[in-house]
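Hi there,

Here is the structure I promised to pass on to you. Have a look at it first, and then read my notes below.

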Amino acid sequence: MVKVGLFVKLHAKAGKEAELQTLLEGALALANQEAGTTVWFALKFDASTFGIFDAFAAEEGRQAHLTGSIAAALMAKAPELLSEGPNIETVDILAAKLAG
């Protein structure tokens, strides 16, 4: 059961939308390596607004993700790709349906 999550909203700089999208698509391989990450989604809201939603069984998984390779890759590219810093929100999961 997932108990906690993260919702991150990302705004691409003009002309950097495709690069940000490619970075997020490539991060799936890294998410698959994280034992504590139960679900992970890269999202696109519009041409320049992207996001990440992920969920974890426990706070330890969330903290490991926040200090892991996806966060490091995103923060390394943030000044180049983002028009503003990532908006990272922690959330508690009230209910979930996960297909097996």
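Please keep in mind that this is a predicted model. I'll begin with a loop and then move on to the sheet.

Glycine 36 sits in the loop that connects helix 1 (17-32) to strand 2 (37-44). Its relative accessibility is 33%, so glycine 36 counts as partly exposed. Leaving aside residues up to four places away in sequence, glycine 36 touches Ala55, Phe56, Ala57 and Gly61. Between the C-alpha atoms of glycine 36 and phenylalanine 53, which are 17 residues apart along the chain, the separation is 14 Å.

Now the sheet. It is open, with 4 strands in the order 2-3-1-4 and antiparallel pairing. Strand 2 and strand 4 (87-92) form the edges with a single partner strand each, so one side of each has no neighbour in the sheet. From one strand to the next, the twist averages 15 degrees.

Strand 1 (residues 4-11) and strand 3 run antiparallel and are joined by 8 bridges. In this pairing, histidine 11 stands opposite threonine 49, a residue of strand 3 (residues 49-56). Threonine 49 has 8% relative accessibility, under the 20% cut-off, and therefore counts as buried. Apart from residues up to four places away in sequence, threonine 49 touches Lys9, Leu10, His11 and Lys44.

As for the helices, helix 1 lies across strand 1, strand 2 and strand 3, and runs at about 165 degrees to strand 2. Helix 2 (residues 59-66) lies across strand 1, strand 2, strand 3 and strand 4, at about 25 degrees to strand 1.

Happy to talk it through whenever suits you.

Best wishes

Note on methods. Residues numbered from 1 in each chain as written. Predicted model: local features only at pLDDT ≥ 70, side-chain atom pairs only at ≥ 80, totals over all residues. Heavy atoms only, no water. Helix = DSSP H or I, 4+ residues; strand = E, 2+ residues; numbered from the N terminus. Buried < 20%, exposed > 50% of the residue type's maximum accessible area, 1.4 Å probe, protein only. Contact = heavy atoms within 4.5 Å. Pairing = 2+ DSSP bridges. Axes fitted to C-alpha atoms, helices over the stretch in contact; angles between N-to-C directions.
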